[in-house]
Amino acid sequence: RGIDVLALDRTALRPVRRSGSRRRGRVRGFGLSVDDGFDTVRPGQRLRLQIAVFGRGGPADVQVTLPPELVDVRPPRGVSFDGATRTVRFAIGRLDGGTDRIVRARVARTARARTQLESIGYVSGAGDPLPLDDRGVDRGVVARRARATSAVATGLCALPSDYTL
């Protein structure tokens, strides 16, 4: 039938320390969130795209690709924008907690209703143990009226419920 456990004396147990096991300490790695604060935007609307990087360690490189419907892109100091590839880039030397950058842009006045807007970003750094949270996405749609993002929605990439390290 298998093994039947009749009694277990936990007082006789002691912790097992195997050689070569990892020491517990600070986890190093990065995560990214991209958010403009709106689910729907109207043509001509000005946006503040928040690119938030969190985690510990460094250095890290951040790259966010913007949709072609976002025009008049104004990155802050220390952030570059390549108009040909529609890519915002910046580097972080050392991170202990979180930091963010605000990129200002405007929705093109010629943007048609129901046009999908998607900004996709990645953060990468050496020795990141969990690369699945290194992606941030902000999705929106062009409509007649703007609507703010619901409190439940986030710009984080959700991990599947069965994901294990």
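This note goes through a buried strand residue, a positive surface patch and the salt bridges of a predicted model.

1. Val103 is a useful place to begin. This residue lies in strand β8, which spans residues 95-107, and with a relative accessibility of 1% Val103 counts as buried, because the limit for that class is under 20%.

2. The surroundings of Val103 are drawn from several stretches of the chain. Leaving aside residues up to four places away in sequence, Val103 touches Leu47, Arg48, Leu49 and Ile51, then Val73, Arg74, Pro75 and Pro76, and also Val88. As for Phe81, its C-alpha is 9.6 Å from that of Val103, with the two positions 22 residues apart in sequence numbering.

3. Two of the residues that Val103 touches, Arg48 and Arg74, also belong to a positive surface patch, whose other members are Arg42, Arg46, Arg104 and Arg109. Arg48 is found in strand β3, residues 46-57, and its relative accessible area of 47% makes this arginine partly exposed.

4. Over the whole structure, a search finds 4 salt bridges. One of them pairs Arg147 with Asp39, the closest N and O atoms being 3.8 Å apart; the partners sit in distant parts of the chain, Arg147 in strand β11 (residues 147-148) and Asp39 in strand β2 (residues 38-41), 108 residues apart. Since a salt bridge is counted within 4 Å, this pair falls inside the cut-off. Asp39 itself is partly exposed, at 23% relative accessibility.

5. A salt bridge between Arg56 and Asp96 has its closest N and O atoms 2.6 Å apart, and it links strand β3, where Arg56 lies, to strand β8, where Asp96 lies, across 40 residues of sequence. Arg56 counts as partly exposed at 31% relative accessibility, whereas Asp96, at 51%, counts as exposed; the latter assignment rests on a limit of over 50%.

6. Arg106 forms a salt bridge with Asp72, and here the closest N and O atoms are 2.7 Å apart. Because Arg106 lies in strand β8 and Asp72 in strand β5 (residues 70-74), the pair ties together parts that are 34 residues apart in sequence. Arg106 is buried, with a relative accessible area of 14%, while Asp72 is partly exposed at 44%.

7. Taken together, strand β8 recurs through these points: Val103 lies in this strand, Asp96 is placed there as the partner of Arg56 in strand β3, and Arg106 is placed there as the partner of Asp72 in strand β5.

Definitions and conventions: Residues numbered from 1 in each chain as written. Predicted model: local features only at pLDDT ≥ 70, side-chain atom pairs only at ≥ 80, totals over all residues. Heavy atoms only, no water. Helix = DSSP H or I, 4+ residues; strand = E, 2+ residues; numbered from the N terminus. Buried < 20%, exposed > 50% of the residue type's maximum accessible area, 1.4 Å probe, protein only. Contact = heavy atoms within 4.5 Å. Patch = residues over 30% accessible without salt bridge, like charges linked within 9 Å, V, L, I, M, F, W, Y side chains within 5 Å. Areas by Shrake-Rupley, 256 points an atom, 1.4 Å probe, with all protein chains shown as cover. Salt bridge = Lys/Arg side-chain N within 4 Å of Asp/Glu carboxyl O. Lys, Arg positive; Asp, Glu negative; His and termini not counted. Charge placed at Lys NZ, Arg CZ, Asp CG, Glu CD.
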